There are 2 protein chains.
Amino acid sequence: MMEADLIAWIRGRLPEHPRLRLGPGDDAAILAWANRPDCVVTTDLLADGVHFDLAEHAAARVGRKTLAVNLSDLAAMAARPHSAVVSLLLPRDGAHQLAVDLYEGLLPLAEEFYLPIAGGDVNTWDGPLVVSVTLLGQLTDRGPLLRGGARVGDQILVTGSLGGSMLGHHLDFTPRIEEALELHRHYRLHAGMDISDGLALDLSRMTTESGCGAELDVGAIPIADAAWEMAGAADTETALRHALSDGEDFELLLAVPPGEAQRLLSEQPIDVPVSCIGHFVDRPGLWRTDDRGDLVPLAATGYQH
Amino acid sequence: MMEADLIAWIRGRLPEHPRLRLGPGDDAAILAWANRPDCVVTTDLLADGVHFDLAEHAAARVGRKTLAVNLSDLAAMAARPHSAVVSLLLPRDGAHQLAVDLYEGLLPLAEEFYLPIAGGDVNTWDGPLVVSVTLLGQLTDRGPLLRGGARVGDQILVTGSLGGSMLGHHLDFTPRIEEALELHRHYRLHAGMDISDGLALDLSRMTTESGCGAELDVGAIPIADAAWEMAGAADTETALRHALSDGEDFELLLAVPPGEAQRLLSEQPIDVPVSCIGHFVDRPGLWRTDDRGDLVPLAATGYQH
């Protein structure tokens, strides 16, 4: 939670600026470029031992991840990837090979999204690997998909399935760029974000930004095979906890008005399933129905930076 | 030199892309945004113990420097600062206060250049401080100022004075944004870059990119007071070596056609002095005249990453 306090301090300290159409706080910032308010910027700095473990994971998969997490932030805004810069701070021993391996993982993903790497910075030092990626994205004429637009009565939709990402998904996931653009183009979405820190925690952020609460139908949450694998097939409560709290699912979390949600759910217009897992309510906080049918609070658990 | 090899490998590995108008290799990359080829992006990742020393330098000065070095890269392209993202990887102990101190140094410089901070990433870990800054800049209708445009006969001009920056200038320098814009607007400049790794090394890069050589009038090189202080007032050779090789001067190095250079030198249109320190020649490499009037090679010394 230290970072949360710090980020709050930074947000408060930053002056307003006409070129800054949306400042820190959402999945990415929005800049005006030549008076067009369509430039999205996002950045993530990842370090060995914090966000990945080179002792355990191949460098190519790590390189891919450093780009993929940023692409997921653009997906969360419904922005098209425009360009990237990549900076490496490499441990001195084996620096060259490590850099080559990182790029060999990162570049195929960049090519998949037709994304040019515009450059970056390369240094060596005596510490662990640090990778900083900054992405520019361009909004479509549908505008941005923000966190703060959910309204009471909206359905809560998610793409794909959740939980257990540490078994591999956190390295190999596909950023939901195409899915976000497709859904944003054809449906009226009130709010959206990506699930990076856990469904419960990220949903609580969406409710806070939107000034409402959420009631989850926990039985409808799509639990990933990996979460079942971690929990044991019979242990629904544990599997559910993984789906609610593990994070790094990098799926889309959406607030959609009821009629529009019904249309979307019946059309299932993207390659990955879309599920309805609850709805937004007036009462602040997260809620679930217990075995007796009573509403009980649901903890906003997840990955706290 | 490891980084040089690696950067060459990365440059060779990156595919061309219509949105990438100028890829890695100059002071910054140029991107096309909505078909306008005026978007400049640059990034630097700086680490404690490599680029600065928190045991020796106040965090506010370090924070200022992390932004200033990026602004200097925009100056080198004659671009106006547009927006910035700043990522921090903070040592766990005292992380909050350190971040506040860094921002208290960085924000006044951002305000001086009317530059919005659009966001970033904040994490803590057990390692030393790492700061990544990415800047967007916008070119004027005069276009970019590149390294590769020097022609035989052009005069070599520098702003300010050189050498001894480790006595404090490397932290407190003013990025030559206004100066670069002013000179680029009113004079025909063939090439330009900032002096970050030492006059001799950076000039050798400009000659390589331009396909020519350079003959330095070493007696005309403006030596900074700090370089004299480090050398001792009587030791001209040592002071000169500092001016040639220390780096982190963050002054402008320009190639200007002779008539235009004479006009610029007599008008002295910016607040800081502009000096002529030699001219570009056909013969590759760096050259100086020795005591007997003979041309001798000058080593391309400087800070090798």
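Through which surface do the copies, chain A and chain B, meet? Of the interface residues of chain B, 100% are also interface residues in chain A, so the copies meet through the same surface. This is a predicted model, in which local features need pLDDT of at least 70 and side-chain atom pairs count only at pLDDT 80 or more, while totals for chains, interfaces and linings use all residues. Residues are numbered from 1 along each chain as its sequence is written, and chains are lettered from A and ligands numbered from 1 in the order in which they are written.

**Stop 1: both chains**

Select chain A and chain B together. A rotation of 180° with 0.0 Å of shift along its axis places chain B on chain A, with an RMSD of 0.0 Å (a least-squares fit on the C-alpha atoms of residues with pLDDT of at least 70 in both copies). The two copies are thus related as by a two-fold rotation axis.

**Stop 2: the interface, from chain B**

Now select the contact between the chains. It takes 54 residues from chain B and 54 residues from chain A; two residues are in contact if their C-beta atoms, placed from the backbone, lie within 7 Å. On the chain B side, the elements that give two or more residues are helix 1 (2-13), strand 2 (29-33), strand 3 (36-47), strand 4 (79-91), helix 3 (95-112), strand 5 (117-125) and strand 6 (130-139) of chain B. Helices (H or I, at least four residues) and strands (E, at least two) are DSSP runs, numbered from the N terminus. Strand 5 of chain B gives the most to this side, with 9 residues. The residues of the chain B side divide into 31 nonpolar, 16 polar and 7 charged (Ala, Val, Leu, Ile, Met, Phe, Trp, Tyr, Cys and Pro count as nonpolar, Asp, Glu, Lys and Arg as charged, and the others, Gly among them, as polar).

**Stop 3: the sheet of 6 strands in chain B**

Stay in chain B and select strands 1 to 6. They form an open sheet in the order 1-2-3-6-4-5, with mixed pairing; two strands pair if DSSP finds at least two bridges between them. Strand 1 (20-22) and strand 5 of chain B stand at the edges, each with a single partner strand, so one side of each has no neighbour in the sheet. From one strand to the next, the twist averages 25°. Strand 3 and strand 6 of chain B run antiparallel and are joined by 9 bridges. To find one of the paired positions, select B:Val40, whose bridge partner in strand 6 of chain B is B:Gly137. Add helix 3 of chain B, which packs on the sheet and touches strand 4, strand 5 and strand 6 of chain B. The direction of helix 3 makes about 170° with that of strand 4 of chain B (axes are lines fitted to C-alpha atoms, for helices over the stretch in contact, and angles run from 0 to 180 degrees between N-to-C directions).

**Stop 4: the sheet of 7 strands in chain B**

Next select strands 7 to 13 of chain B. Here the open sheet has the order 8-10-7-11-9-12-13, again with mixed pairing. Its edges are strand 8 (191-194) and strand 13 (295-297) of chain B, each with a single partner strand, so one side of each is left without a neighbour in the sheet. The twist averages 30° from one strand to the next. Strand 7 (residues 155-159) and strand 11 (residues 274-281) of chain B run antiparallel, joined by 5 bridges. B:Thr159 stands opposite B:Val274 in strand 11 of chain B.

**Stop 5: a glycine in a loop of chain B**

Select B:Gly211, in the loop between helix 6 (199-210) and strand 9 (213-216) of chain B. B:Gly211 is exposed, with 12 other C-beta atoms within 10 Å (a residue is buried if 20 or more other C-beta atoms lie within 10 Å of its own, exposed if 12 or fewer, and partly exposed in between; C-beta atoms are placed from the backbone). The C-alpha atoms of B:Gly211 and B:Gly285 are separated by 9.7 Å, and the two residues are 74 residues apart along the chain.

**Stop 6: the two domains of chain A**

Switch to chain A and select domain 1 (2-139) and domain 2 (155-297), with bounds from an automatic or database domain assignment. Their C-alpha centres lie 24 Å apart. Contacts link 16 residues of domain 1 to 15 residues of domain 2 of chain A. Helix 2 (59-77) and strand 4 (79-91) of chain A each supply at least two residues of the domain 1 side. Helix 2 of chain A has the largest share, 10 residues.

**Stop 7: two loop residues in chain A**

Last, select A:Asn35, in the loop between strand 2 (29-33) and strand 3 (36-47) of chain A. Its phi is near 65°, a positive value in a residue other than glycine. A:Asn35 counts as exposed, with 7 C-beta neighbours inside 10 Å. Then select A:Glu248, in the loop between helix 8 (236-245) and strand 10 (252-256) of chain A. Phi of A:Glu248 is near 55°, also positive. Is A:Glu248 buried or exposed? A:Glu248 has 21 C-beta neighbours inside 10 Å and counts as buried.
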